[in-house]
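Me: Could you take me through the strand pairing and the charged contacts of this chain, giving the reasoning behind each answer?

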Amino acid sequence: MGKTKNFQTVKGMKDILPDEQKYWKYIYGLVDNLAREYGFSRIDLPLVEDTSLYSRSVGTSSEIVEKEMYSFTDKGDSNISMRPEFTAGIVRSYIEHGMLDKPQPLKLYTTGPCFRYDRPQSGRYRQFHQINFEIIGEADPITDAQIIQIAFKINQLVGLDVVMQVNSIGCKDCRPDYEKVLKDYLKKHRSKLSEISKKRFIKNPLRILDSKEKEDQEVIDNAPQQVDHLCDGCKNHFIQVLEYLDEIEVPYALNPRIVRGLDYYNDTAFEIVDASTKWQQDTLLAWGRYDGLVEQLWGKSTPAFGFGLWVERIINRIKYFLWAVWSDHKLI
């Protein structure tokens, strides 16, 4: 008789064991309380969507669509994918269920697993969990500031030492001019770039700016900045966002290297990174304004802004740094 196989979790997946549940309960409870405080309503989405939703919204040249999605053909010959992110699905639901007819803006939040076939890394598995807050139907810069305030507050309430970084990536009118300037600059230094960045140069040169490859850093540090090439509308919007952040006392640092890897983003982009030495500059949360996504999927221009937070990364910090503090306060 053959040896019995010892089954294990699939690579990139992870069990959430009983002794870890307290962290998840705490984070989700904190998020639910903040959502009520700021007037957000919960929305839950299916784990799978039509693959074309992501290829149309995220962009066929993005790394998510090219090599990271779990896609398959079901028994009805439909091409579907496990959701790699929440925003496209939320906008699909917003359109499908006529939420545009409700009083605007609409404030929505959700939590749950997403899936990307990527190299497993610290705090980021192939099945990972996100928390998303989205405001749809409002273009005012105060919306950007409120979402950023909520994002910062989550980390602040948990007690993490973080740095808020913001940038403006312009709009569909001024970004092409910047992309040309950037591409001209990168072309002169192409031989110094990493192999990954050389490939990105052809498909999406903006992504080179957030490269973590060592050989790219000198080229990136001297690259032209998007904020110097903003149109008047984008420049004024960004200035107002920063003024609001100053007013509500949310600390931030300008980071011209922040870009978004998805096609539908514009104007304000932000990230929260760990300021500690153990996880130096590790991104905990990111996203920004995506005024073009509803139009891209439906045809009507609708402003929107939101963020996604990686739950596993937050919990890793809690486990490492706050065990003593939480024990003292009988939170664990």
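The questions and replies below concern a predicted model, beginning with the sheet and then turning to salt bridges and a surface patch.

Me: In what order do the 8 strands of the open sheet follow one another?

Reply: The sheet is open and its pairing is mixed. Strands β1 and β8 (253–254) stand at its edges, and because each has a single partner strand, one side of each is left without a neighbour in the sheet. Read from the one edge to the other, the order is β1-β5-β6-β11-β10-β9-β7-β8.

Me: Which residue in β6 is the bridge partner of F115, and how many bridges join β5 to β6?

Reply: Strand β5 covers residues 106–115 and strand β6 covers residues 127–136, and the two run antiparallel. Within this pairing, L108 has E134 in β6 as its bridge partner, while the partner of F115 in β6 is Q127. The number of bridges joining β5 to β6 is 10.

Me: Which residue in β11 is the bridge partner of I136?

Reply: β6 also pairs with strand β11 (residues 304–310), in the antiparallel sense and over 7 bridges. In that pairing, the β11 residue that partners I136 is A304.

Me: Is β6 mostly covered or mostly uncovered, and how many of its residues are buried?

Reply: In the sheet order, β6 stands between β5 and β11. Helix α1 (residues 21–38) packs on the sheet and touches β1, β5 and β6, its direction making about 5 degrees with that of β6. As for burial, which here means under 20% relative accessible area, β6 is mostly covered, the number of buried residues being 9 of 10.

Me: Which parts of the chain are linked by the salt bridge of E37 and K153?

Reply: The structure holds 13 salt bridges, and in one of them the side chains of E37 and K153 meet at 3.1 Å, N to O. E37 is exposed, with a relative accessible area of 52%, whereas K153 is partly exposed at 23%. The two residues are 116 apart, and the parts linked are helix α1, which holds E37, and helix α5 (residues 141–158), which holds K153.

Me: Is E49, which meets R92 in a salt bridge, buried or exposed?

Reply: The side chains of R92 and E49 meet at 2.7 Å, N to O. R92 lies in helix α4 (residues 87–96) and E49 in strand β2, so the pair ties together parts that are 43 residues apart in sequence. With a relative accessible area of 9%, E49 falls under the 20% cut-off and is therefore buried.

Me: With which residue does R317 form a salt bridge?

Reply: R317 lies in helix α11 (residues 311–321), and its partner lies in strand β9 (residues 266–274), so the pair ties together parts that are 43 residues apart in sequence. Both members of the pair are buried. The closest N and O atoms are 2.8 Å apart, and the partner of R317 is D274.

Me: Which residues make the nonpolar surface patch of about 220 Å²?

Reply: One of them, L47, is found in the loop between β1 (41–42) and β2 (48–50). At 38% relative accessibility L47 counts as partly exposed, and this value is over the 30% that a patch residue needs. The residues that make the patch are L47, V48 and F72.

Conventions: Residues are numbered from 1 along each chain as its sequence is written. This is a predicted model: local features need pLDDT of at least 70, side-chain atom pairs count only at pLDDT 80 or more; totals for chains, interfaces and linings use all residues. Side-chain values use heavy atoms; hydrogens and water are left out. Patches are made of residues with over 30% relative accessible area and no salt bridge: like charges are joined within 9 Å, nonpolar side chains (Val, Leu, Ile, Met, Phe, Trp, Tyr) within 5 Å. Accessible areas come from the Shrake-Rupley method with a 1.4 Å probe; for residues, only the protein chains shown count as cover. A salt bridge is a side-chain nitrogen of Lys or Arg within 4 Å of a carboxyl oxygen of Asp or Glu. Helices (H or I, at least four residues) and strands (E, at least two) are DSSP runs, numbered from the N terminus. Buried means under 20% relative accessible area, exposed over 50%, partly exposed in between (1.4 Å probe, protein chains only). Two strands pair if DSSP finds at least two bridges between them. Contact means heavy atoms within 4.5 Å. Axes are lines fitted to C-alpha atoms, for helices over the stretch in contact, and angles run from 0 to 180 degrees between N-to-C directions.
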